[in-house]
Amino acid sequence: TSNDYLRIAGVFHGMYAIASRLTPLDKTSSGIVEIDSPSFVLKCYQSVTGTKFFVMAEPGTNADLNQY
């Protein structure tokens, strides 16, 4: 459902924000870019304005998700 997508996006955003701050080096981390699970693949693209775009797909999807 759409609520499930919103919940996943919210959790991902929180993990993304934490991961970008936990980089062991002094340089800026890009955070989490992709999550692979047995039931879905989630990719995140952040624009220069800070807007995050998510692509969810089934595992094994033949499309090149990097083009979106």
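What follows is a walk through the fold, the sheet and the salt bridges of this protein, as seen in a predicted model.

The overall layout is simple to describe: there is one helix, and there are three strands. Read from the N terminus, the elements come in the order α-β-β-β, with helix α1 covering residues 2-21. Of the 68 residues in the protein, 15% are buried. The exposed surface comes to about 5200 Å², and 57% of it is supplied by carbon and sulfur atoms. As for contacts with a separation of 6 or more, 17% of them link residues 24 or more positions apart.

The three strands make up an open sheet, ordered β1-β2-β3 and paired antiparallel. That leaves β1 and β3 (52-57) as the edge strands, each with pairing on one side only. From one strand to the next, the twist averages 10 degrees. Helix α1 packs on this sheet and touches β1, β2 and β3, with its direction at about 125 degrees to that of β3.

Now for the pairings themselves. On one side of the sheet order, β1 and β2 run antiparallel and are joined by three bridges. One pairing here sets Ile 35 against Leu 42 of β2. The two strands form a hairpin, with four residues between them. Ser 39 sits in that loop, between β1 (34-36) and β2 (41-46), and with a relative accessibility of 55% it counts as exposed. Along the sequence, Ser 39 and Glu 58 are 19 residues apart, yet their C-alpha atoms lie 6.5 Å from each other in space.

The other pairing, β2 with β3, is also antiparallel and is held by six bridges. Among the partners, Val 41 is matched with Ala 57 of β3, while Lys 43 is matched with Val 55 of β3. These two strands form a hairpin as well, this one with five residues between the strands, and in it Gly 50 takes a positive phi near 95 degrees.

That brings up the charged side chains. How many salt bridges does a search of the whole structure find? The search turns up two. One of them belongs to the helix: the side chains of Asp 4 and Arg 7 meet with an N to O distance of 3.0 Å. Asp 4 and Arg 7 are separated by about one helical turn, because they are three residues apart in helix α1. Asp 4 is partly exposed, at 33% relative accessibility, whereas Arg 7 is exposed, with a relative accessible area of 54%.

The other salt bridge involves the sheet strands. Here Glu 34 is joined to Lys 43, and their closest N and O atoms are 3.6 Å apart. Are the two partners buried or exposed, or something in between? Glu 34 is partly exposed, having a relative accessible area of 36%. Lys 43, by contrast, counts as buried, because its relative accessibility is 12% and the cut-off for burial is under 20%. Lys 43 therefore combines a buried position with two links in the sheet region: a salt bridge to Glu 34 and a bridge partner, Val 55, in β3.

Notes: Residues are numbered from 1 along each chain as its sequence is written. This is a predicted model: local features need pLDDT of at least 70, side-chain atom pairs count only at pLDDT 80 or more; totals for chains, interfaces and linings use all residues. Side-chain values use heavy atoms; hydrogens and water are left out. A salt bridge is a side-chain nitrogen of Lys or Arg within 4 Å of a carboxyl oxygen of Asp or Glu. Buried means under 20% relative accessible area, exposed over 50%, partly exposed in between (1.4 Å probe, protein chains only). Two strands pair if DSSP finds at least two bridges between them. Axes are lines fitted to C-alpha atoms, for helices over the stretch in contact, and angles run from 0 to 180 degrees between N-to-C directions. Contact means heavy atoms within 4.5 Å. Accessible areas come from the Shrake-Rupley method with a 1.4 Å probe; for residues, only the protein chains shown count as cover.
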